[in-house]
Amino acid sequence: CHGDTTNVRSVTSFASLFDELRASVVAVENIDPSAALLGIYHFNPGTRPVGLAPARLREQANFDAVKVMIQRQAICAAAGAAIVQTFDSYQAAVTRRSEIADLLDDQLESVNDDVYPALYELRAALVEAVPGPDTDLPQLQKYTPPVTVPSLVLAYRLYGNVTHEADVLARNRIVNPGFVPGNVELEVLSRVD
């Protein structure tokens, strides 16, 4: 850095950078935005500086502060994304809500009194909105086909159409769509609108 502060972002501009990142993630099709932002929360910050010299202690404090700032921004962005995100099943929504709420609880344990109310309100909004009282999401259920069938046939038997064949394949990690094994328990959506 050599005393040049022209490339240093303030905390405010760092927050707006995360807002831009969240907007970019949400705009990408076929991506789970809250999961992508949780990936940022779980980033590898590298090796924390060691030593007891005053300069090393400052480096350690800066390292810790940057890590906390990135994680806090990431979890807030993930919560915001989850609130507006469409989930494919009730269980997926509840699982994501729990994951984010637990991380917000971790953050609530270490924030000062100025930040606590905002994080607490965000957590409350998340719990209220995901999956939401008016949301009618399908439930995950177990289904065991009696015989080996192609995935198109299975999707038609389950849903009356083949539109959700890709979901059945992905959800159950079926490699060969021509042969979905019989007598093997699968995870499928209870209904699809």
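Helix H7 covers residues 165-171, and Arg 171 belongs to it. The model here is a predicted one, and this arginine is a good place to start looking around.

Is Arg 171 buried or exposed? Its relative accessibility is 18%, so Arg 171 counts as buried, because the cut-off for buried is under 20% relative accessible area. The side chain of Arg 171 has a partner: a polar contact of 2.5 Å links it with the side chain of Asp 88. Leaving aside residues up to four places away in sequence, Arg 171 touches Asp 88 and Leu 140, together with Glu 187, Val 188 and Leu 189.

Now step back to the whole chain. The protein contains seven helices and two strands. Following the sequence, you meet them in the pattern α-α-α-α-α-β-α-α-β. Among contacts with a separation of 6 or more, 69% are between residues 24 or more positions apart.

Next, the inside. Of the 193 residues in the protein, 30% count as buried. The largest nonpolar core is built from 23 residues, and Ile 75, Ile 100, Leu 104 and Leu 126 have the most contacts inside it. Four helices give two or more residues each to this core, as the table shows.

| Helix | Residues |
|---|---|
| H2 | 33-41 |
| H3 | 54-84 |
| H4 | 90-108 |
| H5 | 116-129 |

Which helix gives the most to this core? That is H3, with seven residues. For a closer view, try Leu 104: not counting residues up to four places away in sequence, Leu 104 touches Ile 75, Ala 79, Leu 119, Leu 122, Arg 123 and Leu 126. There is also a second, separate core, made of 10 residues, including Val 149, Leu 154, Leu 169 and Val 180.

Finally, the outside. The protein exposes about 12,000 Å², and carbon and sulfur atoms supply 54% of that area. Where can you find a nonpolar patch on the surface? Look at Leu 152, Tyr 156 and Val 162, which form one with about 300 Å² of accessible area together. Of these residues, Tyr 156 sits in helix H6, which runs over residues 151-159. Tyr 156 counts as exposed because its relative accessibility is 52%, and the cut-off for exposed is over 50%. Set side by side, Arg 171 is buried at 18%, whereas Tyr 156 is exposed at 52%.

Methods
Residues numbered from 1 in each chain as written. Predicted model: local features only at pLDDT ≥ 70, side-chain atom pairs only at ≥ 80, totals over all residues. Heavy atoms only, no water. Patch = residues over 30% accessible without salt bridge, like charges linked within 9 Å, V, L, I, M, F, W, Y side chains within 5 Å. Areas by Shrake-Rupley, 256 points an atom, 1.4 Å probe, with all protein chains shown as cover. Salt bridge = Lys/Arg side-chain N within 4 Å of Asp/Glu carboxyl O. Buried < 20%, exposed > 50% of the residue type's maximum accessible area, 1.4 Å probe, protein only. Contact = heavy atoms within 4.5 Å. Polar contact = N/O pair within 3.5 Å; in protein donor to acceptor, adjacent residues only side chain to side chain. Core = buried A, V, L, I, M, F, W, Y, C linked by side-chain atoms within 4.5 Å.
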